[in-house]
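Me: I'm new to reading protein models and would like a close look at a single part of this one. Could you take me through it slowly?

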Amino acid sequence: MALKKKGRYFYGDSRADIRAELERYSKQNGYPVQRLDELRCPCGHERHHLLIDEEAGAAVQCCARCEHEVPLADSEEFLEEAKLEQAECPCGNGAFEMALGAAFYTDTTDVRWVYIGCRCPECGLTACFGDWKTP
């Protein structure tokens, strides 16, 4: 359960490595993750497709088993204008283990920055697939 860098990317052995990657990434971004929620579908499945428009600050998780869709963070507010595209791992896989991270404004529980962490169960690539400042 440790991230290993190979070339440009980090690789992990389990979904627990998403936390370590988001902690590393968010510290470099200047807004360290303070809360992390592992994403699972109500049907119990743990692999999702990620539909995302990082510029619009919108993303949707779509269960790889039942296709149930859930907007992430405050994405629902921005979906109408978003141009969502399906994220894909460099290995070609499009179903990920995912976690949603948040950094808060000082002394509040108001979300300042959103992070979407993914781990490819096929090759182990673990990365922040999207992040944005909330309005």
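In the hairpin of β5 and β6, which residue takes a positive phi? Please start there and then show me what surrounds that part.

Reply: Sure, and one thing up front: this is a predicted model. The residue you're after is Glu67, with a positive phi near 70 degrees. The hairpin has 5 residues between its two strands.

Let's look at those strands. β5 covers residues 58-63 and β6 covers residues 69-71. They run antiparallel, and 3 bridges join them. To find one spot where they meet, go to Cys62: standing opposite in β6 is Glu69.

Now stay on β5 and check how covered it is. Of its 6 residues, 6 are buried. "Buried" here means under 20% relative accessible area. In a regular strand, side chains alternate between the two faces of the sheet. For β5, you can go through the two sides by name. Ala58, Val60 and Cys62 are on one side, Ala59, Gln61 and Cys63 are on the other, and all of them are buried. So both faces of this strand are covered, by the cut-off just given.

β5 also pairs with β4, which is residues 48-53. Those two run antiparallel as well, with 6 bridges joining them. Two partners are handy to find on screen: Leu51 is matched with Val60 in β5, and Asp53 is matched with Ala58. β4 and β5 make a hairpin too, this time with 4 residues between the strands. In its turn sits Gly57, whose positive phi is about 70 degrees.

How enclosed is β4? It has 5 of its 6 residues buried, so the rest of the structure largely encloses it. β4 also pairs with β7, a strand made of residues 85-86. The two run antiparallel and are joined by 2 bridges. Leu51 turns up again here, with Gln86 as its bridge partner in β7. So if you want a landmark, take Leu51, because it has a bridge partner in β5, Val60, and one in β7, Gln86.

For some context, look at another part of the model. There is an open sheet of 6 strands, in the order β1-β2-β10-β9-β8-β3, with antiparallel pairing. β1 (4-6) and β3 (35-39) stand at the edges with a single partner strand each, so one side of each has no neighbour in the sheet. On average, neighbouring strands of this sheet are turned by 30 degrees against each other, direction ignored. Inside the sheet, β2 (residues 9-11) is joined to β10 (residues 125-133) by 2 bridges, and the two run antiparallel. One partnership to look for is Phe10 with Thr126 in β10.

Helix α1 (residues 17-29) lies across β2, β3, β8, β9 and β10, running at about 140 degrees to β9. The structure holds 3 aromatic pairs. One of them is formed by Tyr25 and Tyr115, edge-to-face, 6.1 Å centre to centre with 85 degrees between the planes. This pair links distant parts of the chain, since Tyr25 is in helix α1 and Tyr115 is in strand β9, 90 residues apart. Tyr115 is buried, at 0% relative accessible area, while Tyr25 counts as partly exposed at 24% relative accessibility.

One last stop, if you're still with me: find Lys6, whose charged end sits over the ring of Tyr11, 5.1 Å from its centre.

Terms used: Residues numbered from 1 in each chain as written. Predicted model: local features only at pLDDT ≥ 70, side-chain atom pairs only at ≥ 80, totals over all residues. Heavy atoms only, no water. Axes fitted to C-alpha atoms, helices over the stretch in contact; angles between N-to-C directions. Contact = heavy atoms within 4.5 Å. Phe/Tyr/Trp six-rings, centres within 6.5 Å; stacked < 30°, edge-to-face > 60°. Buried < 20%, exposed > 50% of the residue type's maximum accessible area, 1.4 Å probe, protein only. Lys NZ or Arg CZ within 6 Å of the ring centre and 35° of its normal.
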